[in-house]
Amino acid sequence: MRIVVIGAGAIGRALVSVYAKDPSNSVYNLTRREGQFVGGEHQNNVHAMCIKDVADKLGESTLFVPSDESVRRLASEVAASGPLDRVIVATGMLHSNGITPEKSLKALSYESLSTVFMVNAFYPAMVAKHFIPLLAKHETSVFAALSARVGSIEDNHLGGWYAYRASKAALNMLLKTASIEARRANPNALVVGLHPGTVDSDLSQPFQSRVPKGKLFSAEFAAQQLQSVVESLGPEANGRVFAWDGRVVPY
Ligand SMILES: NC(=O)c1ccc[n+]([C@@H]2O[C@H](COP(=O)([O-])OP(=O)(O)OC[C@H]3O[C@@H](n4cnc5c(N)ncnc54)[C@H](OP(=O)(O)O)[C@@H]3O)[C@@H](O)[C@H]2O)c1
């Protein structure tokens, strides 16, 4: 299979390793980090590609989101060697320089809302724009993006984390809408969201003390679970969000 993983964070790197274990797979890892990840012990079938380019404004900032043109160019480079079987977007932001999840309406700002939406919803949507048309048509192919259970409107019992929750709910709607369009052009294409559980990573690090014992997954465990979920999806999965244990996360 030909697999693309966008993002070289904890879960992205672990997904690359899990898919690269099968030597017949070719895995492309697209990241903003130059030369950071070369696939660990499975280097031969992993191709790290940098999604950063000089045309991108704010190229040195941690809040830099690749431009539409950068994503398009990388997509056409990857597509040059054939259609794609799996595309998994493993990027996302909960906190960053000056941005922390809001506990109350008082903490909302245009800046943090737009940045979090840019990273969590708009960037995956641009990836979908350029990569869904590249999905293989002869058998089941999957475009998946890492969402989060807290993006479920129905499941929101605690409140807080306005920008993160709302950006993931927006991502889910973008995926659902893309799933309908993708199916028209490619009946074998599936578009889904994935919730990895609570996973040990930079993203979750400041909030890990609240996680009950035994509920903080390693990125490796989460990636194995997500691979099992992705590889077991059937046609009825299109447009849904699935948790690490295969259960549907309500919208
Ligand atoms: N960890 C958890 O407990 C947890 C729970 C639920 C959902 N998730 C979701 O899982 C996904 C992966 O999270 P993780 O735990 O692996 O986090 P992580 O280790 O912090 O990795 C974050 C990833 O997001 C990308 N990213 C960060 N800022 C960005 C920006 N400004 N523009 C573009 N990309 C940016 C990075 O891409 P580069 O490689 O290009 O730098 C990196 O791949 C996220 O969507 C997150 O919301 C995680």
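**A ligand shell and a helix face**

Reader: Which residue has a polar backbone atom 2.7 Å from an oxygen atom of the ligand?
Author: This is a predicted model, in which local features need pLDDT of at least 70, side-chain atom pairs count only at pLDDT 80 or more, and totals for chains, interfaces and linings use all residues. Residues are numbered from 1 along each chain as its sequence is written, and side-chain values use heavy atoms, without hydrogens and water. A polar contact is a pair of N or O atoms within 3.5 Å, and the 2.7 Å partner of the ligand oxygen is a polar backbone atom of Thr 91.

Reader: Nice! How much of the ligand's accessible area does the protein cover?
Author: Side chains take part too: an N or O atom of Tyr 164 is 2.6 Å from a ligand oxygen, and one of Lys 168 is 2.8 Å from a ligand oxygen. Of the 890 Å² of accessible area (Shrake-Rupley, 1.4 Å probe) that the ligand has on its own, the protein covers 93%.

Reader: Turning to helix H2, which residues there are buried?
Author: Helices are DSSP runs of H or I with at least four residues, and H2 spans residues 68-79. Buried means under 20% relative accessible area (1.4 Å probe, protein chains only). The buried residues of H2 are Ser 70, Val 71, Leu 74, Ala 75 and Val 78.

Reader: Within what arc do those buried residues fall, seen down the axis of H2?
Author: An α-helix has 3.6 residues a turn, so residues three or four places apart point the same way. The buried residues of H2 line one face of the helix, because the directions from the axis to their C-beta atoms fall within an arc of 130°.

Terms used:
Helices (H or I, at least four residues) and strands (E, at least two) are DSSP runs, numbered from the N terminus. The expected span of a helix is 1.5 Å times one less than its number of residues. Buried means under 20% relative accessible area, exposed over 50%, partly exposed in between (1.4 Å probe, protein chains only). A polar contact is a pair of N or O atoms within 3.5 Å; within protein, one must be able to donate a hydrogen and the other to accept it, and residues adjacent in sequence count only if both atoms are side-chain atoms.
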